[in-house]
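User: I would like to learn how to read the packing of helices in a model, beginning with a single pair and then moving on to individual residues. Could you take me through it step by step?

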Amino acid sequence: MNETKYMIECITRDLILKLMSDKDMNMQEAVDTLYNSDTYEKLKDTRTGLYFQSTGYVYDYLNKELLTGKMQ
């Protein structure tokens, strides 16, 4: 596994855990929510550099998307 993919997977794991704790979701709900989000699509796209940011930074984008229905 290359370093970039590892970073994306670590942030993905952390985002799922954060959704579970902050939004009281079970694991399947958290996984589905993240994987179906625009934020996750941007996270996987290495051209955006989002994978290089902190989990908190990416979670802010995800949270805004969940609240407004679109990525800010």
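Analyst: Let us begin with handedness, keeping in mind that this is a predicted model. Helix H1 passes helix H4 in a right-handed crossing, and the contact is made by Ile11, Asp14, Leu15, Lys18, Leu19 and Asp22 on the H1 side, with Thr55, Val58, Tyr59, Leu62 and Leu66 on the H4 side. Sorted by class, the residues of this contact comprise seven nonpolar, one polar and three charged.

User: At what angle do the axes of H1 and H4 cross, and within what distance do they come?

Analyst: The general idea is that two packed helices are described by the angle between their axes and the distance between the axes. Here the axes of H1, residues 3-22, and H4, residues 55-68, come within 10 Å and cross at roughly 55°. That angle makes H1 oblique to H4.

User: How do H1 and H2 cross, and which residues meet there?

Analyst: The axes of H1 and H2 come within 9 Å and cross at roughly 125°, and H1 and H2 are therefore oblique to each other. H1 passes H2 in a right-handed crossing. On the H1 side Thr12, Leu15, Ile16, Leu19 and Met20 take part, and they meet Met27, Ala30, Val31, Thr33, Leu34 and Tyr35 of H2. By class, the contact of H1 with H2 has nine nonpolar residues, two polar ones and no charged ones.

User: Which residues of H1 are buried, and what covers them?

Analyst: A useful general idea is that an α-helix has 3.6 residues a turn, so residues three or four places apart point the same way. In H1 the buried residues are Ile8, Cys10, Ile11, Thr12, Leu15, Ile16 and Leu19, and what covers them includes H2 (27-35), H3 (38-44) and H4. As for its length, H1 has 20 residues and reaches 28 Å from its first C-alpha to its last, close to the 28 Å expected at 1.5 Å a residue.

User: Is leucine 66 buried, exposed or partly exposed, and which residues does leucine 66 touch?

Analyst: Leucine 66, which has its place in helix H4, is partly exposed, with a relative accessible area of 36%. Leaving aside residues up to four places away in sequence, leucine 66 touches Leu19, Lys23 and Thr33. Leucine 66 and threonine 33 are 33 residues apart in sequence, while their C-alpha atoms are 8.7 Å apart in space.

User: How should I read the loops, for instance serine 37 and aspartate 24: buried or exposed?

Analyst: Serine 37 lies in the loop between H2 and H3, and at 3% relative accessibility serine 37 counts as buried. Not counting residues up to four places away in sequence, serine 37 touches Leu62 and Glu65. Aspartate 24 is placed in the loop between H1 and H2 and is exposed, with a relative accessible area of 69%.

User: What is phi of aspartate 24?

Analyst: As a general guide, most residues other than glycine have a negative phi. Phi of aspartate 24 is near 55°, a positive value in a residue other than glycine.

User: And how far apart are the C-alpha atoms of aspartate 60 and threonine 39?

Analyst: Aspartate 60 lies in helix H4 and is partly exposed, with a relative accessible area of 45%. The C-alpha atoms of aspartate 60 and threonine 39 are separated by 9.8 Å, although the two residues are 21 residues apart along the chain.

Conventions:
Residues numbered from 1 in each chain as written. Predicted model: local features only at pLDDT ≥ 70, side-chain atom pairs only at ≥ 80, totals over all residues. Heavy atoms only, no water. Axes fitted to C-alpha atoms, helices over the stretch in contact; angles between N-to-C directions. Helix = DSSP H or I, 4+ residues; strand = E, 2+ residues; numbered from the N terminus. Parallel < 35°, antiparallel > 145°, perpendicular 65-115°, else oblique. Left-handed = near helix turned anticlockwise from the far one by under 90°. Contact = heavy atoms within 4.5 Å. Nonpolar A, V, L, I, M, F, W, Y, C, P; charged D, E, K, R; others polar. Expected span 1.5 Å × (residues − 1). Buried < 20%, exposed > 50% of the residue type's maximum accessible area, 1.4 Å probe, protein only.
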